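Visitor: Please take me through one part of this model in close detail. I would like the central sheet, strand by strand, and then whatever surrounds it.

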Amino acid sequence: MVVVEVEESLVERYQRDGAVLVPGVFSDAWLDKVRRGIARNLAHPSQYSEKLTGSDGGGAYFNDYCNWGWIEEFKEFVFHSPAAALAARFMRSSQVSFYHEHVLNKEPGSSKRTPWHHDQSYYPIDGDQVCSLWMPVDPVPRDACVQFVAGSHLWPRWFIPRKFATEHNYPLKDAREAEDSGERQYYDVPVEEIEAGKWPILQWECKPGDVVVFHMRTLHGASGNPSASTHRRVLSTRWLGDDAVLATRPWQVSPPVTGGLLPGQRAVCDTFPRVTFT
């Protein structure tokens, strides 16, 4: 049994703000294992990987996902670390399935920022019990940490995904699909209003072993990595709870995997395996 001690007040803060810092969750042993997995991923990137640079041509921003099937260190983290129990606690879910992992590495001196976005509109997943665990394996100063628009997961709006490379909106697969298959509308991310300070922003200094838990509809973004010597390596794992079901989107979903499920089916299958934590 994996036991995770989390105060209810912190869970309530997550439910209200859409993002919280949980200090000291993961041991050095888990951090070392994840570092080895990230090194394997950097050495052997998948077809989904990107290596982006800013306009100044400085350090690169690497990201890749859906490699847990062949990177044993990631598989062990998913099925045996406190991650699943932690996700269940914050989502208030009786069961969890694992969606995918996402490696994010900003090299020293990288000026490439992560554009403001929220994750769930990229994914073919509907539901409210959906979260990510953003776990750095390097010290991350506050100014290089991911930023969150507090409470934005509760807004009655979904936002169009944006390409990390260009910061442009995802194109529609077909103009007729703009309304999706139902009544949901998608809007441009209100970048100017966020950057003008219209809403409170959450951001923390993170130490290895800390984790940021955030809802998949919380708007977030990040600066580059101003350090001249330290990488900003992160493993972000995505988790689905009791009410998560497969859905459709009017653009190519990212990652482009659906596990062979049909819209409306519970998001549990070999591709999105249930993880036992009690």
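Guide: What follows starts with the sheet, moves to its inner strands, and ends with the cores, one arginine and the cysteines.

Keep in mind that this is a predicted model.

Start with the layout. Seven strands form an open sheet, in the order 1-12-7-14-4-3-2, and the pairing is antiparallel. Strand 1 (19-22) and strand 2 (50-52) are the edges, each pairing on one side only. On average, neighbouring strands are turned by 20 degrees against each other, direction ignored.

Two helices can be placed against this sheet. Helix 1 (residues 8-17) packs on the sheet and touches strand 1, strand 7 and strand 12 (211-215). The direction of helix 1 makes about 150 degrees with that of strand 1. Helix 2 (residues 28-43) lies across strand 3 (61-65), strand 4 (97-106), strand 7 and strand 14. Helix 2 runs at about 100 degrees to strand 14. Strand 7 is thus touched by helix 1 and crossed by helix 2.

Now look at strand 7 itself, residues 130-136. Seven of its seven residues are buried, so strand 7 is largely enclosed by the rest of the structure. Its side chains split between two directions. Val130, Ser132, Trp134 and Pro136 point one way, while Cys131, Leu133 and Met135 point the other way. All of these residues are buried.

Strand 7 has a partner on either side in the strand order: strand 12 and strand 14. With strand 14 (residues 232-240), the pairing is antiparallel and spans seven bridges. The register can be followed residue by residue. Val130 stands opposite Leu240. Ser132 stands opposite Arg238. Leu133 has Thr237 as its bridge partner in strand 14. With strand 12, strand 7 again runs antiparallel, and four bridges join the two. Here Leu133 stands opposite Val213. Leu133 therefore serves as a marker for both pairings: Thr237 in strand 14 and Val213 in strand 12.Move one place along, to strand 14. Eight of its nine residues are buried, so strand 14 too is largely enclosed by the rest of the structure. Nine bridges join strand 14 to strand 4, and these two strands run antiparallel. Leu104 marks this pairing, with Val234 as its bridge partner in strand 14.

One residue of strand 14 merits a stop: Trp239. Trp239 is buried, with a relative accessible area of 0%. Its side chain makes a polar contact of 2.9 Å with the side chain of Thr237. Trp239 also sits 6.6 Å from Val96, C-alpha to C-alpha, although the two are 143 residues apart in sequence.

Trp239 leads on to the nonpolar packing. The largest nonpolar core has 39 residues, and Phe90, Val213 and Trp239 touch the most other members. Helix 4 (residues 83-91) gives the largest share of this core, eight residues. A second, separate core holds 38 residues, including Leu21, Tyr123, Ala150 and Ile160. In soluble globular proteins, nonpolar side chains tend to be buried together.

Next, a charged residue outside these strands. Arg162 is found in the loop between strand 9 (158-159) and strand 10 (186-187). Is Arg162 buried or exposed? Its relative accessibility is 9%, so Arg162 counts as buried, the cut-off being under 20%. Its side chain reaches two backbone oxygens. That of Trp116 is at 2.9 Å. That of Glu167 lies 3.2 Å from a polar atom of the Arg162 side chain. Leaving aside residues up to four places away in sequence, Arg162 touches Pro115, Trp116, Tyr122, Glu167, His168, Asn169, Tyr170, Val189 and Val191. Trp116 and Glu167 thus appear among its contacts.

Last, the cysteines. The model has zero disulfides. Cys131, from strand 7, is in no disulfide, and the nearest cysteine sulfur, that of Cys206, is 16 Å away. Cys131 is buried, with a relative accessible area of 0%. Cys269 is in no disulfide either; the nearest cysteine sulfur is that of Cys66, 12 Å away. Cys269 counts as buried, at 18% relative accessibility.

Key. Residues are numbered from 1 along each chain as its sequence is written. This is a predicted model: local features need pLDDT of at least 70, side-chain atom pairs count only at pLDDT 80 or more; totals for chains, interfaces and linings use all residues. Side-chain values use heavy atoms; hydrogens and water are left out. A nonpolar core is a set of buried Ala, Val, Leu, Ile, Met, Phe, Trp, Tyr and Cys residues joined through side-chain atoms within 4.5 Å. Buried means under 20% relative accessible area, exposed over 50%, partly exposed in between (1.4 Å probe, protein chains only). Two strands pair if DSSP finds at least two bridges between them. Axes are lines fitted to C-alpha atoms, for helices over the stretch in contact, and angles run from 0 to 180 degrees between N-to-C directions. Contact means heavy atoms within 4.5 Å. A polar contact is a pair of N or O atoms within 3.5 Å; within protein, one must be able to donate a hydrogen and the other to accept it, and residues adjacent in sequence count only if both atoms are side-chain atoms. A disulfide is a pair of cysteine sulfur atoms within 2.5 Å.
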